[in-house]
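Open the model in your viewer, and keep the sequence beside it so that you can select residues by number as we go. Each stop on this tour asks you to select something and then to look at what surrounds it.

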Amino acid sequence: MTQPENDVLKAAQDHLWLHFTRHSSHQQSEIPTIVRGEGSYVYDIHGKRYLDGLAGLFVVQAGHGRQELAEAAAKQAQELAFFPLWSYAHPKAAELAQRLAAYTPGELNRVFFTTGGGEAVESAWKLAKQYFKLVGKPLKHKVISRQIAYHGTPQGALSITGIPAFKEMFEPLVPGSIRVPNTNHYRADEITGVKGMNPEEYGFWAAERVARAIEMEGPDTVAAVFAEPVQNAGGCFPPAPGYFQRLREICDEYDVLLVSDEVICAFGRLGTMFGGQKFDYVPDIITCAKGLTSGYSPIGAMIAHERLFEPFKDGDTMFAHGYTFGGHPVSAAVALANLDIFEREDLLGHVTRNEPLFKETLDGLRDLPIVGDVRGSGYFWGIELVKDKTTKQTFDAEESERLLRGFLSKALYEAGLYCRADDRGDPVIQLAPPLIAGPEEFAEIGSILRDVLTQAWARL
Ligand SMILES: Cc1ncc(COP(=O)(O)O)c(C=O)c1O
């Protein structure tokens, strides 16, 4: 190893505070350090190549190493590096807002920029509260979200998050957030206590839980329902047919806003520009971030229905909310250049055309004794690992610890596949490669997974 490499690794060990990371796991080993990327691949500090099976963190849609995105950033930084959206506009934010509004379904025409996803979620809850105050329903402030769903780390977004283990050390969080079941059809028997519901029946049952929760809380107190098109945490739960249609009806019936949290599912992850378009529903608010710039610069957005903007149009009313770097000119310019790539290279069409092959590759692993379920949509898939396929028995805490943290994450990485072994719900491996990936990358993913999962089973 060269001295500069050593210096980087030591600086990381001595000074970086990693996110959602047990630092103890790196006491005896170096912190994996990625230095460059190209297409669907990244390279570590020692020059070893990895297939980026998670697009960074569901971010790098157009792939790594795109010179035109770097150039768009440089050009904008030279022209106007920074100006805030506080009472002023700049051309790239205006152009991006217009373009996003054109891509959204329905009348979601008003774009409030943030720097990331959690801020977009936070903004959506605050808007929902203020909107209802302005239209004479001041008690409406509560939100409903789904079990195990992750919605971000600011205290409001964390309050909406359905993962108790991420919340308990920060309690008390923002009050008024209520959980309902998610769309995990694989575990429908356990969740409902009823055997053998088909996906449609389960979807209807799960949507009805939202109506029951609204009634129990009191419709006059509930402002919004937050749901991802395909729920990430827990391992890619797509909605059953009809689920979002029923949820839309329920939200309309009780005058509750439907917030589609598309921080992962927007910008082609499912093969559509926005995730709701894949499942044919129109929310009142979309929250998005990650893939909007393919990660070449940070930005997020809350996109609201025109109706929600109405009460802010006149008089002395304002949304007293903002972020210094929200809608940063460099990020907005990069987002526009990124969306140009989407159109020029038909990334949405590419995902849609290749989704069946990606699914087939992962379904091909179902013969392994450890693979319980394979589920997902577009380029967004989860493989649930089980101890017993017939009973769907999952691993206990010790086995999960040994298998996921102790073996799988490291073994996959060492085999050249960067992806995620996650235990926020039942243990899953998550895959979400850059949207430029195709048959060759799928084959590589399939072969590494087969090898490593076979070893994992042998170790149990
Ligand atoms: C659905 C969803 N919402 C919100 C967030 C938070 O986004 P950020 O990390 O950009 O704050 C995430 C992050 O993964 C997410 O998946």
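Begin by selecting cysteine 419, which is buried because 24 other C-beta atoms lie within 10 Å, and a residue counts as buried here from 20 such atoms upward. Bear in mind throughout that this is a predicted model. Cysteine 419 sits in the loop between β13 and β14 (420–422). If you set aside its neighbours within four places in sequence, cysteine 419 is in contact with Gly53, Leu54, Leu412, Ile429, Gln430 and Leu431. Now add proline 105 to the selection: the C-alpha atoms of cysteine 419 and proline 105 are 32 Å apart in space, while 314 residues separate the two in sequence.

From cysteine 419, step back to β13 and display its sheet. In what order do the 4 strands of this open sheet follow one another? The order is β1-β2-β3-β13, and the pairing is mixed. The strands at the edges, each pairing on one side only, are β1 (34–38) and β13 (417–418). Strands of a sheet pair through backbone hydrogen bonds, and they may do so either parallel or antiparallel. Strand β3 (residues 49–52) runs parallel to β13, and 2 bridges join them. To find one particular pair, select aspartate 52, whose bridge partner in β13 is tyrosine 418.

Next, colour the chain by domain. The domain assignment gives domain 1 (32–62 + 346–459) and domain 2 (68–344), and their C-alpha centres lie 26 Å apart. Where they meet, 29 residues of domain 1 are in contact with 27 residues of domain 2. On the side of domain 1 that touches domain 2, at least two residues each come from α2 (55–58), α14 (347–363), β11 (371–377), β12 (380–385) and β15 (428–431), and α14 gives the most, with 5 residues. By class, the residues of this side divide into 13 nonpolar, 9 polar and 7 charged.

Now turn to the largest nonpolar core, which has 125 residues and in which Ala224, Val225, Leu247 and Ala301 are those with the most contacts. This core draws at least three residues from each of domain 1 and domain 2. Select alanine 224 and look for the residues it touches beyond four places in sequence, namely Trp125, Ala128, Val143, Val256, Leu257 and Val259.

Move on to strand β4 (residues 108–114), which is largely enclosed by the rest of the structure, because 6 of its 7 residues are buried. Strand β4 runs antiparallel to strand β10 (residues 300–305), and 6 bridges join the two. Across this pairing, phenylalanine 112 stands opposite methionine 302 in β10.

In the loop between β9 (285–288) and β10, select proline 298. Is proline 298 buried or partly exposed? With 19 other C-beta atoms within 10 Å, proline 298 is partly exposed. Its C-alpha atom is separated by 5.8 Å from that of threonine 115, although the two residues are 183 residues apart along the chain. Apart from neighbours within four places in sequence, proline 298 is in contact with Thr115, Gly116 and Ser331.

Gly116 leads to the last stop, the ligand, where Gly116, Gly117, Gly118, Gly152 and Val263 are the closest of the 13 residues that surround it. Helix α5 (residues 117–134) gives the most to this shell, with 3 residues. Coloured by class, the shell shows 5 nonpolar, 6 polar and 2 charged residues.

Definitions and conventions. Residues numbered from 1 in each chain as written. Predicted model: local features only at pLDDT ≥ 70, side-chain atom pairs only at ≥ 80, totals over all residues. Core = buried A, V, L, I, M, F, W, Y, C linked by C-beta atoms within 7 Å. Buried ≥ 20, exposed ≤ 12 C-beta atoms within 10 Å, placed from the backbone. Domains from an automatic or database assignment. Contact = placed C-beta atoms within 7 Å. Pairing = 2+ DSSP bridges. Near = placed C-beta within 6 Å. Nonpolar A, V, L, I, M, F, W, Y, C, P; charged D, E, K, R; others polar.
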